[in-house]
Amino acid sequence: MSTAPIIVEAAFFAGATELSQLPPPTRVEVAFAGRSNVGKSSLINSLLNRRKLVRTSSTPGATRAINFFRVKLRSEPSDVEVDFVDLPGYGYAKRSKSERAHWGQLIDGFLKTRAGLRGVVVIVDIRRGLEQDDRALVEYLSELDLQVVIVATKIDKISRSKQKIALSDLKRATGLRIVGYSSTEGQGRDALFARMHGWLF
Ligand code: GTP
Ligand code: MG
């Protein structure tokens with residue numbers, strides 16, 4: 001039996017390319033961060049059981065705004081309304097210096113001002129593991145006292161035995177719990193919702 005909540009509603013709510021455009025921080029929020037093209041938007045679609053709610057792309061750098069998705073979840077006996085927040089990806093080489101600086105300010109401002117932000121899901125590609133930018137983000141999140149779950153996505157791209165090795169390497173490198181995920185096959189969905197349960201309900 002699936003332990004994931006029922007997705008009662010899910011809809012795009014707001015997009016912000018400037019801090020001034022962020023909606024008021026009145027909701028419980030969970031943010032999704034990771035390198036460009038790692039599969040953040042696909043992961044959100046997979047969690048929400050919606051194929052095309054969040055725009056995905058094979059071209060890196062598709063998501064340039066902070067996008068808010070308002071979600072109603074049911075896990076008996078209660079319903080909750082939360083925002084899933086898709087953060088623009090980092091580490092995209094073709095960005096100019098000023099674009100990267102803007103990205104930094106935007107993310108930083110977001111992370112520091114959201115009263116309802118319960119935690120951040122940091123997504124890495126299981127084939128690449130934790131890279132420099134990811135490590136910097138995870139350290140920064142812990143400085144801000146924000147809770148983190150690491151998701152190793154695209155597990156469908158490698159064999160089971162390689163998945164095991166990569167997952168335990170990641171666990172050793174971070175000291176954090178790791179969830180293996182495939183947005184194309186849905187593996188890891190229950191496990192990730194279980195990890196986020198305390199944030200959401
Ligand atoms: P940006 O918004 O550009 O930062 O990218 P993103 O992190 O949101 O990635 P996105 O979800 O757009 O996915 C990038 C590419 O990876 C797309 O071609 C997806 O179809 C593919 N992809 C994402 N997740 C998975 C997965 O679990 N398995 C496989 N096989 N492909 C995936
Ligand atoms: Mg995206």
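**Sheet architecture and helix packing in the predicted model**

Strands β2 and β4 run parallel and are joined by five bridges, where strands (E, at least two residues) and helices (H or I, at least four residues) are DSSP runs numbered from the N terminus, and two strands are taken to pair if DSSP finds at least two bridges between them. The model is a predicted one, in which local features need pLDDT of at least 70 and side-chain atom pairs count only at pLDDT 80 or more, while totals for chains, interfaces and linings use all residues. Residues are numbered from 1 along each chain as its sequence is written, chains are lettered from A and ligands numbered from 1 in the order in which they are written, and side-chain values use heavy atoms, with hydrogens and water left out.

Within the β2–β4 pairing, Val 28 stands opposite Val 82 of β4. Strand β2 is also joined to β5, again in the parallel sense, by six bridges; in this pairing Ala 31 stands opposite Val 120, and the bridge partner of Phe 32 is Val 121. Seven of the seven residues of β2 are buried, so this strand is largely enclosed by the rest of the structure; here buried denotes a relative accessible area under 20%, exposed one over 50%, and partly exposed the range in between, computed with a 1.4 Å probe on protein chains only. Both faces of β2 are covered, with Val 28, Val 30, Phe 32 and Gly 34 buried on one side and Glu 29, Ala 31 and Ala 33 buried on the other.

These pairings belong to an open sheet of seven strands with mixed pairing, in the order β1-β3-β4-β2-β5-β6-β7. Its edge strands are β1 (6-16) and β7 (178-180), each of which pairs on one side only. Neighbouring strands of the sheet are turned by 25° against each other on average, direction ignored, with axes taken as lines fitted to C-alpha atoms, for helices over the stretch in contact, and angles running from 0 to 180 degrees between N-to-C directions. The antiparallel part of the sheet includes β1 and β3 (residues 66-75), which pair over nine bridges, with Lys 72 of β3 as the bridge partner of Glu 9. Nine bridges likewise join β3 to β4 in the antiparallel sense, and Lys 72 stands opposite Glu 81 of β4. Strands β3 and β4 form a hairpin with two residues between them.

Strand β4 (residues 78-86) also holds Asp 83, which is buried at a relative accessible area of 1%. The side chains of Asp 83 and Arg 70 are joined by a polar contact of 2.9 Å, a term that denotes a pair of N or O atoms within 3.5 Å, of which, within protein, one must be able to donate a hydrogen and the other to accept it, residues adjacent in sequence counting only if both atoms are side-chain atoms. When residues up to four places away in sequence are not counted, Asp 83 touches Phe 13, Arg 27, Val 28, Glu 29, Val 30, Phe 68, Phe 69 and Arg 70, contact meaning heavy atoms within 4.5 Å.

Helix α3 (residues 132-143) has 12 residues and should span 16 Å at 1.5 Å a residue, which agrees with the 17 Å between its end C-alpha atoms; the expected span is 1.5 Å times one less than the number of residues. In α3, Asp 134, Leu 137, Val 138 and Leu 141 are buried. These residues cover an arc of only 95° around the axis, which puts them on the same side of α3, the arc being that of the directions from the helix axis to the C-beta atoms. The buried residues of α3 pack against β2 (28-34), α2 (97-113), β5 (117-125) and β6 (147-153), whereas the face turned away from the buried side carries the exposed residues Gln 132 and Glu 143. Just after α3, Asp 145 takes a positive phi of about 65°. A further helix, α4 (residues 160-174), lies across β5, β6 and β7, running at about 160° to β7.

Two tyrosines in loops are also buried. Tyr 90, in the loop between β4 and α2, counts as buried at 6% relative accessibility; its C-alpha atom is 4.6 Å from that of Arg 35, although the two residues are 55 residues apart in sequence. Tyr 181, in the loop between β7 and α5 (189-200), is buried with a relative accessible area of 0%.
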